[in-house]
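Dear colleague,

I am handing over the structure that you will find just below. Please read the notes after it with the model open beside you.

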Amino acid sequence: MEFIEALMHYDFLQRALIAGLLAAVGCGLIGTWVVVKRISFVAGGIAHAVLGGMGAALFFGFAPIAGALVAAIVSALLIGVISLHWQEREDTLISAIWAIGMAIGILFMAATPGYQVDLISYLFGNILMVSSSHIWIMMVLDLILAVILFVFHRQFEIVIFDEEFALLRGVPVTFFYLLLLCLIAVTVVLLIQVVGLILVIALLTLPAAIAGQFVHSLSKMMIAATLIGVVVSTSGLALSYETDLPTGAIITLIAAVFYLCASVGMAYRNRRRKLQAVNMSGVNHDAS
Amino acid sequence: MSDLAVDIHDLSFSYDQVPVLEHVSLQIAHGEFVGLVGPNGGGKSTLIRIILGLLQASSGTLRVLGKHPRKARRNIGYVPQYPAFERDFPISVEQLVLMGRLNGIWGGYHAHDREIALQAMRETEVSALKRRTIGTLSGGQLQRVLVARALACEPRMLLLDEPTSNIDQRVESEIFDLLKQLNQRMTVIVVSHDIAFISAYVKRVACLSGTLVCHETDAISGDDIRDLYGEDVRQVHHGH
C-alpha cells in the first residue's frame with residue numbers, strides 16, 4: 001500500500017501514527033468511564049471550554065496546549081461541583097459552560113492577529129501537524145492517566161457504580177469524581193490534537209461503547225477500547241492519506257461504522273438467542 | 001449506653017422547612033430484630049439515612065453503636081431500597097460483593113478480602129453466580145447479592161431499606177428467613193411498608209409517620225394499623 005511506503009519516508013506521517021496510538025490509549029482508558037457513567041455531555045462541555053483556554057493562551061502569547069490544559073481542568077472542576085451540588089440545573093449550566101468557552105475562544109482568536117487558520121485546525125484537528133514535543137506531552141499524559149487509574153481502580157469503580165455505598169465505605173466520593181473529570185479533561189486535550197474539538201466526543205465514546213458490547217468488566221473494557229482505538233486511528237490515517245481527505249473526520253466515521261456494525265450484530269445475535277429460547281420452551285411444552 | 005445499637009433521642013429533621021421527622025426517640029438494643037414500618041413519606045428512609053450519617057438531623061441526639069453515625073457506618077451493612085446503580089454496569093457479582101471490603105482512599109482487594117466475600121456469598125446462597133454480570137440476575141438474586149455485599153463489610157448491624165419491594169412473595173419469605181438467621185449474630189433493622197408480613201419475623205416494630213410509636217409485634221391490633229395508615233393495611237398492600 002502507498003501509505004506504508006509513505007510511512008517509511010515521511011516523519012510527519014510517523015508522528016501522526018504515534019499520535020493516533022497515544023490518543024487511542026487515552027480514549028480507551030478514560031472513554032470507558034465516560035461511557036459507563038454516561039457523562040459524554042460533561043466531556044463535551046469540557047472540550048468546548050478548552051477552546052476558550054486555547055484562545056486566551058494564543059492572545060497572551062503562551063503555548064496553546066498550556067491554555068487548553070488549564071481551561072480543561074478549570075471547567076472540569078466547575079462542572080464537577082455543579083453536578084454534585086446543583087444537579088437539577090446540571091444540563092443548563094453545562095450548556096452554558098460549553099457555549100461560553102467557545103465564545104471566549106472565538107473572541108480571543110479574533111483579537112489575535114493572524115491566527116484565524118488555527119481556529120479551524122482546533123475545531124477539526126490536524127494530526128498531520130503534530131510536533132515531536134506534542135508527542136512527548138501526550139506520552140507523559142497517557143502515563144499519568146494509566147498510573148492513576150491503575151492505583152485507584154477500585155475507588156473509581158465504587159464511586160462510579162454506587163456513590164452512596166462508596167461514602168459508607170469511607171471512600172471520598174467528591175475527590176474521586178473530580179479527579180475523574182480532571183482525567184477526562186486531560187484526555188480531551190490529548191484528543192483535540194488528533195481529531196479536533198468537534199470530533200473529540202466520537203473518539204472518547206465510540207471505541208468504549210463498542211468494547212462494552214463484547215466484554216463485561218471495566219478493565220477488559222479499557223483494554224478492548226484501547227485496541228479498537230488503535231485500529232480505528234491507524235486505519236483512518238491510512239485511508240485519509242490514500243484518499244487525501246481530512247483525517248479527523250475519516251477516523252470518526254470509521255469508529256461510527258464499527259459501532260453501527262457491532263450494535264446491529266449484537267441485536268441480531270440477541271434476537272436469535274431469544275428465538276432459540278422460545279423454540280426450546282415450545283419443545284418442552286410439547287414434550288410435557 | 002454501650003448495650004444499645006441505636007440510641008435516638010428527640011430527633012427532628014426537615015427538608016427545606018418541611019418537617020419530615022418530629023421528636024423521634026428510639027432505642028434498639030444489640031441483637032434485636034426491628035421492623036421500621038409506616039406509610040410512604042412517613043420518613044422511614046430519611047431515618048435510615050440519618051442513622052447512616054448520610055443526612056444530618058436538625059435537632060436531637062443520635063448514637064449508633066455507641067459512636068457518632070459517621071464513625072459507626074463502616075460497621076453497618078446497608079442494603080438500599082432502589083439500587084442506585086445501572087443494571088447494565090459491567091461488573092460481576094463477585095466484584096460487587098467485594099466492594100464491601102473497600103476501606104478508605106487506598107487499597108485493592110487481597111486474598112483475605114476475597115475469602116470474606118466468598119463466605120458472604122455462600123451465606124446468601126449466591127456463590128454459584130459469582131462470575132455472572134449483575135445485568136443477568138433476577139430481582140431476588142440481586143437482592144441476595146446486595147445482602148452479601150452488606151455482609152462482606154463484616155457489620156455489627158444490618159440496615160435494610162425495603163429489601164423486598166421489587167420481588168415476589170415467595171422470595172420475600174426466603175430473604176426474611178435469611179435475615180432471621182443473620183439476626184442470631186447481629187442487630188437487624190428492616191424498613192417495610194408491609195406491617196402484616198414483617199410482624200411474623202421481627203420482635204418489635206417501630207411505626208414511623210412523622211413521629212414514632214413502638215409496639216411489641218404480638219400487641220399490634222387492627223386499630224393501631226388503621227391509626228397509622230388511615231386505612232386498612234391490606235388496601236395499602238394491594239396498592240402496589
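What follows covers the cores, the pockets and one of the chains.

Please bear in mind that this is a predicted model, in which local features need pLDDT of at least 70 and side-chain atom pairs count only at pLDDT 80 or more, while totals for chains, interfaces and linings use all residues. Residues are numbered from 1 along each chain as its sequence is written, chains are lettered from A and ligands numbered from 1 in the order in which they are written, and side-chain values use heavy atoms, with hydrogens and water left out.

The largest nonpolar core (buried Ala, Val, Leu, Ile, Met, Phe, Trp, Tyr and Cys residues joined through side-chain atoms within 4.5 Å, where buried means under 20% relative accessible area with a 1.4 Å probe, protein chains only) has 143 residues, and the members that touch the most others are A:Ile30, A:Phe156, A:Ile184, A:Leu204 and B:Leu158. Its largest share, 17 residues, comes from helix α10 (residues 173-195) of chain A, helices being DSSP runs of H or I with at least four residues and strands runs of E with at least two, numbered from the N terminus. Separate from this is a second core of 33 residues, which includes B:Ala5, B:Val64, B:Ile76 and B:Val191.

Leaving aside neighbours within four places in sequence, A:Leu204 is in contact (heavy atoms within 4.5 Å) with residues including A:Cys27, A:Ile30, A:Val34, A:Ile184 and A:Leu191.

A pocket here is an open set of points on a 1 Å grid over the protein atoms alone, where a 1.4 Å probe fits and protein lies on both sides within 12 Å along at least five of seven lines; lining residues have an atom within 4 Å of a point. The largest pocket has a volume (the space filled by probe spheres set on the points, which are joined across faces, edges and corners) of about 800 Å³. Of the 29 residues that line the largest pocket, A:Lys37, A:Ser83, A:Leu84, A:Gln87 and A:Glu163 lie nearest its centre. In chain A, α2 (11-37), α4 (64-85), α8 (153-161) and α9 (163-168) each supply at least two residues of this lining.

The second largest pocket has a volume of about 490 Å³, and among its 18 lining residues A:Gly212, A:His216, B:Asp88, B:Phe89 and B:Pro90 are the closest to its centre.

Finally, chain B has nine helices and nine strands, and 56% of its 240 residues count as buried.

With best wishes

Key:
Buried < 20%, exposed > 50% of the residue type's maximum accessible area, 1.4 Å probe, protein only.
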